[in-house]
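Colleague: Hey, have you got a minute to walk me through this one? I'd like to ask some basic questions.
Modeller: Sure, let's put it on the screen.

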Number of protein chains: 2
Amino acid sequence: MAYEPPWSAVTVDLVLLTIRAGELCALLVRRAIAPFRGLWALPGGFVQPDEDLDAAAVRELAEETGLQDLPVHLEQLRSYGAPWRDPRLRVVTVAYLGLGPDLPDPVAGSDAADARWTPASKLTDGRGRLAFDHAGILADGLERARAKLEYTPLATGFCAPTFTVGELREVYETVWGVALDPRNFHRKVTTAEDLLEGTGETTSRNGGRPAMLYRRGTAEMMMPPMLRPA
Amino acid sequence: MAYEPPWSAVTVDLVLLTIRAGELCALLVRRAIAPFRGLWALPGGFVQPDEDLDAAAVRELAEETGLQDLPVHLEQLRSYGAPWRDPRLRVVTVAYLGLGPDLPDPVAGSDAADARWTPASKLTDGRGRLAFDHAGILADGLERARAKLEYTPLATGFCAPTFTVGELREVYETVWGVALDPRNFHRKVTTAEDLLEGTGETTSRNGGRPAMLYRRGTAEMMMPPMLRPA
DNA sequence: CCAAAAGTGTTTCAATTACACCCATGA
DNA sequence: TCATGGGTGTAATTGAAACACTTTTGG
C-alpha cells in the first residue's frame with residue numbers, strides 16, 4: 001500500500017440502564033488509573049484486533065457486570081471521535097446502549113476501583129462530572145432510551161423475560177416520570193400487533209388479582225403512522 | 001502508559017441520497033485502486049488525526065461532490081467494525097447518512113475512477129455487488145431514511161431551501177413508492193407545529209395555481225404519540 | 001369482608017379519512 | 001376555456017381519553 005493511514009485506538013463504551021427501586025439507573029465505574037483517576041466513567045474498553053464491535057460490547061458487558069448471558073438488550077448508540085477526547089492518544093469510541101431488568105450488583109474490574117448503579121436523577125443535575133466526554137454520551141443514551149420507549153417495544157428490555165402489563169407500565173412511568181391510566185394502557189399494549197406474546201401463566205407477585213404473564217413479541221415498531229398511503 | 005492498545009484505521013463512509021427524476025438515488029464511486037478495484041463503493045476516506053468524525057464527514061462530502069457548502073443534512077448512521085471487512089488492515093468505519101436536494105453531478109476524485117448517482121431500485125435487487133461491506137451499509141441507510149420520514153421532518157432534507165407542499169409530498173411518494181392524498185397531506189403538514197415556516201413567496205414552477213413556498217421549521221419530531229401522560 | 005391490582009364496557013371527544021368543491025395560473 | 005396543480009370545507013369513520021364497573025386474589 002502506497003499510503004499509510006492515520007491510526008487510532010478504538011474502544012466501546014456502555015450506557016447500561018436498569019430500573020432499581022423505582023428509579024432509572026446507569027452503571028458507572030470509578031477509574032483506578034490516569035487520566036481522570038478517581039472520577040466516575042462509563043464502563044468500556046479497547047476493541048481487540050480480531051473482534052467485531054458488537055462482540056466487544058458483549059465482552060465488556062460480561063466483564064463489567066461479572067456475569068455471562070445477561071438478558072440485556074444491546075444496541076449501538078453512536079460513535080464519538082473528537083480529537084482530544086482522550087488526553088493521551090487518539091481514541092474513537094463506539095458507544096452502546098444496554099437495557100436490562102433489575103441487574104445484579106456489579107463487581108469492580110481490573111482497571112476500576114468501584115462500580116455502582118447510579119440514579120439518572122443524580123447524573124443530569126450537573127453535580128459530579130464524569131471522565132472524558134462520558135457525560136454527553138450518557139445524556140445521549142438517556143435521551144435515546146426515553147425517545148425509543150414511545151415508538152418501539154424497547155420498554156420490554158427493562159422487564160424480566162416474562163412480565164405483567166402492570167410491570168411494563170411501571171417502566172414507562174419510571175422512565176418518563178409520569179402516571180399512565182392503567183386501564184387504557186392495558187388495552188393499548190394488549191391490542192398492539194405482535195407487541196406481547198401471552199404465556200398462559202399468571203402471577204400474583206404484585207398483589208391483587210393475578211395478572212397474565214407475557215413475553216416480548218416480535219414487533220419492532222408500534223408507532224401509529226403519521227401519514228398513510230391513499 | 002503501561003498498556004499498549006490495539007490500533008485501527010478509522011474511516012467515514014457516506015450514504016448520500018438525493019431524488020433525481022422521480023427516483024431515490026445514492027452516490028457511488030468506482031474504485032480506482034485495490035482492493036475491489038473497479039467495483040462500486042460508497043464515498044469515504046480516512047479520518048485525519050486532528051479531525052472530529054462529523055468534520056471528516058463534511059470534508060469527504062465536499063471532496064466527493066466537488067462542491068462546498070452543499071445544503072445537505074448529515075447525520076451519523078452507525079459504525080461497522082467486522083475484523084476483516086477491509087482485507088488489508090483493520091478499519092473501523094463510521095457511516096453517515098446524508099440527504100440533499102437534486103444535487104449536481106459528482107466529480108471523480110483522486111482514488112475514484114468514476115462517480116455516479118445510482119437509483120436505489122438498482123441497488124437492492126442484488127445485481128452489481130459493492131466493495132467491502134458497503135451493500136449492507138447502504139441498505140441500513142435506505143432503511144433509516146425511509147423510517148425517519150415517518151416521524152421526523154427528514155423529508156425536507158430532500159427539498160431545496162424553499163419548497164412547496166406538493167414538492168414535499170413528492171418526496172414521500174418517491175421514497176415510499178405510494179400515492180398520498182394531496183388535500184389531506186396539505187392539511188397535515190401545514191397544521192403540524194413548527195414543521196414548516198411560510199416565506200410569503202409563491203411559485204408557479206410546478207404548473208397550475210401558484211403554491212406557497214415554505215422553509216423547513218424548527219420541529220425535530222412530528223410523531224403522534226403512542227402513549228400520553230394521564 | 002376489605003384492599004389492591006387486573007381487566008372490560010361505555011360514553012365522550014379528537015383526529016383522520018374520503019371526497020365535493022373552489023381558486024389561480026399557463027397554454 | 002380548459003387542464004393542472006393548490007387549497008378549503010365537511011360528513012363519516014376511526015381511534016383515544018375518561019371513568020364506572022366487575023373480577024380475583026391476599027390478608
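Colleague: Which residues does A26(A) touch, leaving out those up to four places away in sequence?
Modeller: Keep in mind that this is a predicted model. A26(A) touches V15(A), L16(A) and L17(A), and also T118(A), A120(A), L123(A) and L138(A).

Colleague: And which residues touch the most other members in the largest nonpolar core?
Modeller: A26(A) is one of them, along with V15(A), V15(B), A26(B) and A57(B). That core has 116 residues.

Colleague: OK, A57(B). Which residues of helix 1 of chain B are buried?
Modeller: A57(B) is on that list, next to L53(B), A56(B), V58(B), E60(B), L61(B), E64(B) and T65(B). The helix covers residues 53-65, so to speak, 13 residues in a row.

Colleague: How far does helix 1 of chain B reach from its first C-alpha to its last?
Modeller: It reaches 18 Å, close to the 18 Å expected at 1.5 Å a residue. Just after helix 1 of chain B comes G66(B), with a positive phi of about 80 degrees.

Colleague: Switching to the two protein chains. How many residues of chain A are in contact with chain B?
Modeller: There are 41 from chain A, and they meet 41 residues of chain B. On the chain A side, strand 1 (9-20), strand 5 (73-80), strand 6 (91-99) and helix 2 (134-151) each supply at least two residues. Strand 5 of chain A gives the most, with three.

Colleague: What classes of residue are on that side of chain A?
Modeller: By class, 27 are nonpolar, five are polar and nine are charged.

Colleague: What rotation superposes chain A on chain B?
Modeller: A rotation of 180 degrees, with 0.0 Å of shift along its axis, and the RMSD is 0.1 Å. That's the relation of a two-fold axis. In chain A, S8(A) has the C-alpha nearest the axis, 2.7 Å from it. Both copies use the same surface, too: 100% of the contact residues of chain A recur in chain B.

Colleague: Now the DNA. Which residues come nearest to DNA strand C?
Modeller: Of the 23 residues around DNA strand C, the nearest are G166(A), R183(A), G208(A), R209(A) and R209(B). Two or more residues come from each of helix 3 (165-176), helix 4 (182-191) and strand 9 (211-216) of chain A, and from helix 4 (182-191) of chain B. Helix 4 of chain A gives the most, four residues.

Colleague: And by class, what's on the surface near DNA strand C?
Modeller: Seven nonpolar, nine polar and seven charged residues.

Colleague: What about DNA strand D, which residues are closest there?
Modeller: R209(A), G166(B), R183(B), G208(B) and R209(B), out of 23 that surround DNA strand D. Here the largest share, four residues, comes from helix 4 of chain B. By class, the surface near DNA strand D has seven nonpolar, nine polar and seven charged residues.

Colleague: Last one: where is D194(B)?
Modeller: D194(B) sits in the loop between helix 4 and strand 8 (196-203) of chain B. Leaving out residues up to four places away in sequence, D194(B) touches G217(B), T218(B) and A219(B).

Colleague: Why does D194(B) count as partly exposed?
Modeller: Because D194(B) has 13 C-beta neighbours inside 10 Å. A residue needs 20 or more to be buried, and 12 or fewer to be exposed, so 13 falls in between.

Colleague: And how far apart are D194(B) and A139(B) in space?
Modeller: They're 31 Å apart, C-alpha to C-alpha, and 55 residues apart in sequence.

Conventions. Residues are numbered from 1 along each chain as its sequence is written. Chains are lettered from A and ligands numbered from 1 in the order in which they are written. This is a predicted model: local features need pLDDT of at least 70, side-chain atom pairs count only at pLDDT 80 or more; totals for chains, interfaces and linings use all residues. A nonpolar core is a set of buried Ala, Val, Leu, Ile, Met, Phe, Trp, Tyr and Cys residues joined through C-beta atoms within 7 Å. Two residues are in contact if their C-beta atoms, placed from the backbone, lie within 7 Å. A residue is near a molecule or strand if its C-beta atom, placed from the backbone, lies within 6 Å of it. Ala, Val, Leu, Ile, Met, Phe, Trp, Tyr, Cys and Pro count as nonpolar, Asp, Glu, Lys and Arg as charged, and the others, Gly among them, as polar. Copies are superposed by least squares on the C-alpha atoms of residues with pLDDT of at least 70 in both. The expected span of a helix is 1.5 Å times one less than its number of residues.
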